Structures are given as C-alpha cells and as structure tokens.
Amino acid sequence: MEVQAVPPPPMPPPAGGAPEGSSPSASSSGQAAGAGAGQTVPGPGAGNAAGPGGDGGGGDAGNWFASGLDPGSRGDISFTLVWSFSIDAQMGERRGGPDIDLWIVDPDGFRLSSSREGAGLGPSKNGGQIDMDDRGAWGDGDGGGPERAFWPTGGAPKGTYVYGVRWYLGFGSVQYTLRIYRGSTLVQEKTGRLGADQRGENVELGRTIVD
Ligand SMILES: [Ca+2]
C-alpha cells in the first residue's frame, strides 16, 4: 500500500541519469537533538544530498531534496528516506527500482515499518505513522522514495527513537539518504549503501532522543 498525502514527486531522471552522489562516509552527520542543535531545513536548490555524478541510475532522491519538495519537517519529529539506484541492475523489467523500507522503534516500543513484517504503518497509540511508502517497481512508486514517518505536534513521546532501513525487494544496491527533523529543523542525516545481499535485515542507522 502506498499512501500519498503530498503531490507526486517530479519524474525521475531517465536511465543514464545521475545516481547518488553522497559523501564518501558511510553514515552520519549531526547528532541529535538537543535544543538548538542541528541546522535549518535547506531551501529549494540547497542541500542536495544526492547530487549528479556516477554511472547511470534512477530514483529521485536528488530531485526531492534539491527541489524544495522534501516532505520532512512536520510534527514533533519526522523521518524522510530517499534512495538512488542503478537502472542497469534492474534486470530490464524492473525499472521502478528496488523497494527499500524505513523502520523506527519509538520510545513506547512500537515498531513502525513499511515492510510490515511484525510491524505496522500505524498510526500507533501516540500518533506515529508511516504515511508514504515507495514500493518501487512492485507498487505505484517509481523507486527512490520518499518514504516518511512522523509524529504529530504534541504527540511524540519523549525518549529514544531507534531507526534504520531494510532491503525489501529488488536487485543491486542503492545509495540512501535518511533525514530526521525536529519540527522544521534537520537534526540528523545518514547516508550509505544498502544492497540486495542484506534483504530482510533491519539495518540500524542510529538513535535520536526527544526530550
Ligand atoms: Ca518501500
């Protein structure tokens, strides 16, 4: 299931376009999440986490963050996941690309996951939910995300949120960018590679605290 509560993303770049150009470090910048930490949300054209370059890819990670259409920065805390992938790795017929998933375990122990295996999209009792799941070639999405989760203003429980990504279906590998916002402030960003060889594994990327 895919729920789209925002306008659809721009069309992905054609084959031969640019895959992820993320930083060489496999993860992280910006530890959370104290008052005043982090940086403001970049405006249109800024903060492109998936810039051009590379050898032919798909997904619209760069478009989303560069176009100002980043669907994060809502509620008390929100998570946005995008990824880019190689069209050449999609066996010809799966041009929508891999389906990777976002997961979060909230301070109450509730697991939100777009994989929906022993988890759910929510809403949880505290209002947390995944309201967008890009299933790539296996759904209506075009691959690349965004996927997003958020807790509405005044609803997010205090405590530690553990979050990560999961390979669900597809071929090859992706370069992902996961951003976490407290309100409209970007407080963490994780980038890295996820591959089909990690299918089914809940890869933990980090933790963030709401206090
Ligand atoms: Ca997905």
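Author: Helices here are DSSP runs of H or I with at least four residues, strands are DSSP runs of E with at least two, and both are numbered from the N terminus. The model is predicted, and for that reason local features need pLDDT of at least 70 and side-chain atom pairs count only at pLDDT 80 or more, while totals for chains, interfaces and linings use all residues. Residues are numbered from 1 along each chain as its sequence is written.

Reader: In what order do the elements of the protein run from the N terminus on?
Author: The protein has one helix and ten strands. Read from the N terminus on, the order of these elements is β-α-β-β-β-β-β-β-β-β-β.

Reader: Over which residues does pLDDT stay under 50?
Author: pLDDT is the predictor's confidence in each residue, from 0 to 100, and its mean over the protein is 71, with 58% of the residues reaching 70 or more. Where pLDDT is low, the predicted coordinates should not be read in detail. The model has 123 contacts beyond four places in sequence (contact: C-beta atoms, placed from the backbone, within 7 Å) for the stretch where pLDDT stays under 50, namely residues 1-57.

Reader: Which strand gives the most to the largest nonpolar core?
Author: A nonpolar core is a set of buried Ala, Val, Leu, Ile, Met, Phe, Trp, Tyr and Cys residues joined through C-beta atoms within 7 Å, where buried means that 20 or more other C-beta atoms lie within 10 Å of the residue's own, against 12 or fewer for exposed and a count in between for partly exposed, with C-beta atoms placed from the backbone. The largest such core has 31 residues, and Phe79, Leu81, Ile100, Leu102, Ile104, Val165 and Tyr176 have the most contacts inside it. β2 (77-85), β3 (99-105), β5, β6, β7 (159-169), β8 (173-182) and β9 (185-195) each supply at least two of its residues. With six residues, the strand that gives the most to this core is β2.

Reader: What is the order of the strands in the open sheet of four strands?
Author: Two strands pair if DSSP finds at least two bridges between them, and the pairing in this open sheet is antiparallel. Its edge strands, each paired on one side only, are β4 and β10 (202-210). The order of the four strands is β4-β3-β7-β10.

Reader: How many bridges join β3 to β7?
Author: Six of the seven residues of β3 are buried, so β3 is largely enclosed by the rest of the structure. On one side β3 pairs with β4 in the antiparallel sense over three bridges, and Trp103 has Ser113 in β4 as its bridge partner. Asp99 stands opposite Leu169 in β7, and the number of bridges joining β3 to β7, which run antiparallel, is seven.

Reader: Which residue takes a positive phi in the hairpin of β3 and β4?
Author: Most residues other than glycine have a negative phi, and most peptide bonds are trans. This hairpin has five residues between its strands, and the positive phi, near 85°, belongs to Gly109.

Reader: In which loop is Pro146 found, at the end of the cis peptide bond from Gly145?
Author: A cis peptide bond joins Gly122 and Pro123, with omega about 5°, and Pro123 lies in the loop between β4 (111-113) and β5 (129-132). The peptide bond from Gly145 to Pro146 is cis as well, with omega near 5°. Pro146 is found in the loop between β5 and β6 (147-151).

How values were computed: Two residues are in contact if their C-beta atoms, placed from the backbone, lie within 7 Å.
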